Amino acid sequence: MGFDEEWGRLRAEAAERASQASGAAGDPAPAVAAATDPVLMARDAARSRLADFRSRAVLVPLDERGGLWTAALGGLDWICAFSDEEALARFAVARDEADRAWPYRWLIGGRLLDEVLPALDFACGVALNPAGSDGTVFPPVRGIVPDTAAIDGEAAA
């Protein structure tokens, strides 16, 4: 499920819970109101996605020198990571490069964020499944990468 679909589902569920709560006698308790806040729900979904990424093995294509392949977008470099070979194949087709070899290596997402990105001498994020409807980006900001690698952290100050 892509971000837009997940966001829409969460909003619909929140609206349903809010309408059920307003039908009851009295005002909903503050805890119920907070639980239906779409911003809080989106934050929880993002935290859940990050936790899932940190614990999973992802494949990362290698460049011609054997380093991790990156793509530039929005003024930043992004390491493209994929949940499986099918996701990498979709990416290759989207780039019209399905006929070339895409060597890769498997890495744990947490290691990519906590060890690889801080070791780089340039700001870099991770794009997971960038050609799929379930694509997610993990920018190099506090809370995702160590402060020393974050563009809004200690190194940026």
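Of the 157 residues in this protein, 32% count as buried. The model you are looking at is predicted. Its exposed surface comes to about 9200 Å², and carbon and sulfur atoms supply 55% of that area. Among contacts with a separation of 6 or more, 60% are between residues 24 or more positions apart.

**Overall layout**

The protein has five helices and six strands. If you trace the chain from the N terminus, the elements follow the order α-α-α-β-β-β-α-β-α-β-β.

**The cores**

Let's turn to the nonpolar interior. The largest nonpolar core holds 19 residues, and those touching the most other members are Phe-53, Leu-112, Leu-113, Val-126 and Phe-138. Two or more residues of this core come from each of helix H3 (38-55), S1, S3, helix H5 (109-119) and strand S5 (124-128). H5 gives the most, with four residues.

Leu-112 is a good residue to click on here. Setting aside neighbours within four places in sequence, Leu-112 is in contact with Phe-53, Val-58, Val-60, Leu-68, Ile-79, Ala-81, Leu-107, Leu-117 and Val-126. Apart from the largest core lies another one, of nine residues, including Trp-69, Phe-82, Leu-88 and Phe-91.

**Helix H4 and its two sides**

Two of those residues bring us to H4. Which residues of helix H4 (residues 85-94) are buried? They are Ala-87, Leu-88, Phe-91 and Ala-92. These four lie on the same side of H4, because they cover an arc of only 145 degrees around the axis. An α-helix has 3.6 residues a turn, so residues three or four places apart point the same way. On the other side of H4 you will find Glu-86, Val-93 and Ala-94, which are exposed. The cover over the buried residues of H4 includes strand S1 (57-61), strand S3 (76-81) and strand S4 (104-108).

Both ends of this helix have a detail to look at. At the start of H4, the backbone nitrogen of Glu-86 has a side-chain oxygen of Asp-84 within 3.2 Å. Just after H4, Asp-96 adopts a positive phi of about 60 degrees.

**Strand S5 and its partners**

Is S5 mostly covered or mostly uncovered? It is mostly covered, with five of its five residues buried. In a regular strand the side chains alternate between the two faces of the sheet. In S5, Cys-124, Val-126 and Leu-128 are buried on one side, and Gly-125 and Ala-127 are buried on the other.

S5 pairs with both S3 and S6, as the table shows.

| Strands | Sense | Bridges | A bridge pair |
|---|---|---|---|
| S3 and S5 | parallel | five | Trp-78 and Gly-125 |
| S5 and S6 (residues 136-138) | antiparallel | three | Leu-128 and Thr-136 |

**A closer look at Thr-136**

Thr-136, which lies in strand S6, makes a nice last stop. Thr-136 counts as buried because its relative accessible area is 13%, below the 20% cut-off. Leaving out residues up to four places away in sequence, Thr-136 touches Arg-49, Val-126, Ala-127 and Leu-128. With Arg-49 there is also a polar contact of 2.6 Å between the two side chains. Leu-128, another of the residues Thr-136 touches, is the one standing opposite Thr-136 across the S5 and S6 pairing.

Notes:
Residues are numbered from 1 along each chain as its sequence is written. This is a predicted model: local features need pLDDT of at least 70, side-chain atom pairs count only at pLDDT 80 or more; totals for chains, interfaces and linings use all residues. Side-chain values use heavy atoms; hydrogens and water are left out. Buried means under 20% relative accessible area, exposed over 50%, partly exposed in between (1.4 Å probe, protein chains only). The arc is that of the directions from the helix axis to the C-beta atoms. Contact means heavy atoms within 4.5 Å. A polar contact is a pair of N or O atoms within 3.5 Å; within protein, one must be able to donate a hydrogen and the other to accept it, and residues adjacent in sequence count only if both atoms are side-chain atoms. A nonpolar core is a set of buried Ala, Val, Leu, Ile, Met, Phe, Trp, Tyr and Cys residues joined through side-chain atoms within 4.5 Å. Two strands pair if DSSP finds at least two bridges between them. Accessible areas come from the Shrake-Rupley method with a 1.4 Å probe; for residues, only the protein chains shown count as cover.
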